[in-house]
Amino acid sequence: MNLTESAESHIRSRMDKCAFEINICLQDQSRDGCYEDFLSALSKYGQAANQLEVLEKIKLQIQKADKENSNED
């Protein structure tokens with residue numbers, strides 16, 4: 001597994017964990033601390049989603065560079 005695949009797997013795992021936490025809060029909204037937990041999970045999910053978007057752009061740049069290098073040969 002290369003660096004970008006490993007990073008993508010890690011980020012997606014964090015997103016899954018956050019989505020799970022968000023769903024727990026939505027299922028039991030009366031639980032103490034639910035609002036804070038919900039906002040925290042939402043924030044972490046957003047950060048991970050942004051990281052995934054950046055990683056996708058990096059992967060596209062790598063593919064483009066690889067294609068250009070192969071065309072030069």
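In the predicted model, Asp16 is a residue of helix 1. Asp16 is classed as exposed because its relative accessible area is 55%, and the cut-off for that class is over 50%. Between Asp16 and Arg31, which are 15 residues apart along the chain, the C-alpha atoms are separated by 21 Å.

The interior was examined next. The largest nonpolar core consists of 5 residues, namely Ile11, Met15, Ala48, Leu52 and Leu55. Both helix 1, which covers residues 3-27, and helix 2 contribute at least two residues each to this core. Helix 2 provides the largest share, with 3 residues. The contacts of one core member, Ile11, were then considered. When neighbours within four places in sequence are left aside, Ile11 is in contact with Ala48, Gln51, Leu52 and Leu55. Among these partners, Ala48, Leu52 and Leu55 are themselves listed in the core.

Polar residues of helix 1 were also examined. Glu8 belongs to helix 1. The relative accessibility of Glu8 is 16%, and Glu8 therefore counts as buried, the limit for this class being under 20%. The side chain of Glu8 is joined to that of Lys59 by a polar contact of 2.6 Å. With residues up to four places away in sequence not counted, Glu8 touches Leu52, Leu55, Glu56 and Lys59. Two of these residues, Leu52 and Leu55, are members of the largest nonpolar core.

Thr4 is likewise located in helix 1. A polar contact of 2.9 Å links the side chain of Thr4 with the side chain of Asn2. Apart from its neighbours within four places in sequence, Thr4 has contacts with Leu55, Lys59 and Ile62. Leu55 thus appears in the contact list of Thr4, in that of Glu8 and in that of Ile11. Lys59 is a partner of Thr4 and also of Glu8.

Attention was finally given to the surface. A nonpolar patch is formed there by Tyr35, Leu39 and Leu42, which together have about 320 Å² of accessible area. Leu42 is part of helix 2, which comprises residues 34-72. With a relative accessible area of 43%, Leu42 is partly exposed, because this value lies between the limits of 20% for buried and 50% for exposed residues. Helix 2 therefore holds a residue of the surface patch, Leu42, and also supplies residues of the nonpolar core, as the limits used for these classes allow.

Conventions. Residues are numbered from 1 along each chain as its sequence is written. This is a predicted model: local features need pLDDT of at least 70, side-chain atom pairs count only at pLDDT 80 or more; totals for chains, interfaces and linings use all residues. Side-chain values use heavy atoms; hydrogens and water are left out. Patches are made of residues with over 30% relative accessible area and no salt bridge: like charges are joined within 9 Å, nonpolar side chains (Val, Leu, Ile, Met, Phe, Trp, Tyr) within 5 Å. Accessible areas come from the Shrake-Rupley method with a 1.4 Å probe; for residues, only the protein chains shown count as cover. A salt bridge is a side-chain nitrogen of Lys or Arg within 4 Å of a carboxyl oxygen of Asp or Glu. Helices (H or I, at least four residues) and strands (E, at least two) are DSSP runs, numbered from the N terminus. Buried means under 20% relative accessible area, exposed over 50%, partly exposed in between (1.4 Å probe, protein chains only). A nonpolar core is a set of buried Ala, Val, Leu, Ile, Met, Phe, Trp, Tyr and Cys residues joined through side-chain atoms within 4.5 Å. Contact means heavy atoms within 4.5 Å. A polar contact is a pair of N or O atoms within 3.5 Å; within protein, one must be able to donate a hydrogen and the other to accept it, and residues adjacent in sequence count only if both atoms are side-chain atoms.
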